[in-house]
Amino acid sequence: MDYERLKETYGDFRFPAVNIIVEGKSFGDCQRQLILSDIRVELSCKEEASQAVFSIYNCTDEETGSYCMEVLKPYILLGSLVVVEAGYGERLTEVFRGFIARVEFVNEENGPCVEVTAMDAKGIMMSNCCAGVLESKRYSDAVKEIFS
């Protein structure tokens, strides 16, 4: 890799940028100015699944304090496809592709937000892999069975 060439390609690494697209809709296209923050992408090639977590702010009605569900709904439906792109300036590269697995409505010190967790296909496929039926009748035997 040539650092100078990368530096030229990515505008001297001056303006970090992230774009999150849910079911083909970018948050930048939303009529209401939803604010994305706390964006974290964890990638793994081991057994655990890769995931992306982000928070959505400015998603409540100031008068009533209730969440603007009509605005949020297209971006938080469970099972929706999520693509996260990251880079510098206008040069973005896809770094995550998965599905919304969890949505949590949180009241933080920064104000109310919606925290979205997306998992890759591996996480969804593995979600039930640890299920099993114990055959033990006593707790002590059940503990031994779990650890074996």
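Mentor: A salt bridge here is a side-chain nitrogen of Lys or Arg within 4 Å of a carboxyl oxygen of Asp or Glu. The model is predicted, so local features need pLDDT of at least 70 and side-chain atom pairs 80 or more, while totals for chains, interfaces and linings use all residues. Residues are numbered from 1 along each chain as its sequence is written, and side-chain values use heavy atoms, without hydrogens or water.

Trainee: OK, how far apart are N and O in the salt bridge of Glu42 and Arg40?

Mentor: Glu42 is partly exposed (20% to 50% relative accessible area), since its value is 36%. Arg40 also counts as partly exposed, at 43%. Their side chains meet with N to O at 2.9 Å.

Trainee: Which residues does the network around Arg102 join?

Mentor: Start with Arg102, partly exposed at 38%. Its salt bridge to Glu104 has the closest N and O atoms 2.4 Å apart, and the one to Glu115 has them 3.1 Å apart. That second pair links distant parts of the chain, strand β6 and strand β7, 13 residues apart. Shared partners make one network of Arg102, Glu104 and Glu115.

Trainee: And how many salt bridges are there in the whole structure?

Mentor: Those of Arg102 include the pairs with Glu104 and Glu115. Searching the whole structure gives a total of five.

Trainee: Which strands stand at the edges of the sheet?

Mentor: Strands are DSSP E runs of at least two residues, and two of them pair if there are at least two bridges between them. The open, antiparallel sheet runs β2-β1-β5-β6-β7-β4-β3. A single partner strand each, so one side without a neighbour in the sheet: that puts at the edges β2 and β3.

Trainee: What is the bridge partner of Val22 in β2?

Mentor: β1, residues 16-22, pairs with β2 in the antiparallel sense over two bridges. For Val22, the partner in β2 is Lys25.

Notes. Helix = DSSP H or I, 4+ residues; strand = E, 2+ residues; numbered from the N terminus. Buried < 20%, exposed > 50% of the residue type's maximum accessible area, 1.4 Å probe, protein only.
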